[in-house]
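Subject: Structure for your review

Dear colleague,

Please find the structure below, together with its sequence. My notes on what was found in it follow directly after.

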Amino acid sequence: MAGNNRRLPPFVTRVLSATVLLGIVGLAFWLGYWWVVGLIAVFSGLCCWEWRRLLKRGGHQRLTWWVVGVYVCIVPAWALYVLYDTFGVGAVLSLMILVWSTDSIAYLVGKAIGRHKLCPAISPKKTWEGSLGALLLAPLAATWASIGLWEIPHENWLASLSVFVLLCILSQLGDLFESDVKRQFGVKDTGSLIPGHGGVLDRVDGFIFTAPVAAFGGVFLWLF
């Protein structure tokens, strides 16, 4: 019967999957250090698995793609660990809020008022309106979070906002980079592990450039 084939609307599926993921991340942070480290390792391992499948499916066996894969799957995960180990849970959560709010705001604003394509050759659905909307709102959300969660002094909010604006740009560049990778391999999503979202790589692409810059830039300033 037709009723037996009913599926949840895509938006509902995305929201439910995102809620479960946020619950898993929140539980890991609540349980403590080794749970967070383990979660980062699991996500990194899943990214490696998806990348390996991309190499097979896309037929790309050149060394270049292996080098890129090592960076995409390992370096951001290591940077998140450094950020967590050096600056604590507030720093990681602030970055997560920045990356995920950038993605969500760009999608929603682009869906509502997007008219001008950002980079149609790589990602036809992304718009300048969505990108600028994320650039205006996501750094504000992350700055507020950094003051409340990371205990950044209130008088430093402007410096924090400036940093998060840079990271917001890098987050969008990471998204475009991963879109270009998928285009090169001829696939729509990197996998299907997360219903409504695609693969793990589809959900962590915003960390490709933001995590290394946040972690190693922060450590540099902290040391010197």
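A network of salt bridges links Glu178, Lys182 and Asp202. The model is a predicted one, and the values given here are computed from it. Within the network, Glu178 pairs with Lys182, their closest N and O atoms being 3.8 Å apart. Both residues belong to helix H6, where they are 4 residues apart, about one turn of the helix. Glu178 has a relative accessible area of 6% and is therefore buried, the limit being under 20%. Lys182 is likewise buried, with a relative accessible area of 12%.

Thr190 touches each member of this network: its contacts include Glu178, Lys182 and Asp202. Thr190 lies in the loop between helix H6 (157–185) and helix H7 (200–204). Its relative accessible area is 4%, so Thr190 counts as buried. The side chain of Thr190 also makes a polar contact of 3.1 Å with the side chain of Glu50. Glu50 appears again in the list of residues that Thr190 touches, as do Arg53, Leu54, Gly199, Val200 and Leu201.

In total, the structure holds 6 salt bridges. Two further pairs deserve a description.

The pair Asp103 and Arg203 has its closest N and O atoms 2.6 Å apart. This salt bridge links distant parts of the chain, since Asp103 is in helix H4 (residues 89–113) and Arg203 in helix H7, 100 residues apart. Asp103 is partly exposed, at 25% relative accessibility, whereas Arg203 is buried, at 15%.

The pair Lys126 and Asp175 has its closest N and O atoms 3.4 Å apart. It too links distant parts of the chain: Lys126 is in strand E2 (residues 123–127) and Asp175 in helix H6, 49 residues apart. Lys126 is partly exposed, with a relative accessible area of 21%, while Asp175 counts as buried, at 15%.

On the cysteines, the structure holds 0 disulfides. Cys73 is in no disulfide, because the nearest cysteine sulfur, that of Cys48, is 4.3 Å away and a disulfide requires sulfur atoms within 2.5 Å. Cys73 is buried, at 3% relative accessibility. Cys119, by contrast, is partly exposed, with a relative accessible area of 22%.

Turning to the surface, Leu27, Trp30, Leu31 and Trp35 make a nonpolar patch of about 510 Å². Helix H1 (residues 10–31) supplies the largest share of this patch, 3 residues. Trp30 has its place in helix H1. With a relative accessible area of 68%, Trp30 lies over the 50% limit and therefore counts as exposed.

As to the chain as a whole, there are 8 helices and 2 strands. Read from the N terminus on, the elements run α-α-α-α-β-β-α-α-α-α. Of the 224 residues in the chain, 42% are buried. Among contacts with a separation of 6 or more, 69% are between residues 24 or more positions apart. The chain exposes about 12900 Å², and carbon and sulfur atoms supply 70% of that area.

With kind regards

Conventions. Residues numbered from 1 in each chain as written. Predicted model: local features only at pLDDT ≥ 70, side-chain atom pairs only at ≥ 80, totals over all residues. Heavy atoms only, no water. Patch = residues over 30% accessible without salt bridge, like charges linked within 9 Å, V, L, I, M, F, W, Y side chains within 5 Å. Areas by Shrake-Rupley, 256 points an atom, 1.4 Å probe, with all protein chains shown as cover. Salt bridge = Lys/Arg side-chain N within 4 Å of Asp/Glu carboxyl O. Buried < 20%, exposed > 50% of the residue type's maximum accessible area, 1.4 Å probe, protein only. Polar contact = N/O pair within 3.5 Å; in protein donor to acceptor, adjacent residues only side chain to side chain. Contact = heavy atoms within 4.5 Å. Lists of a residue's contacts leave out its neighbours within four places in sequence.
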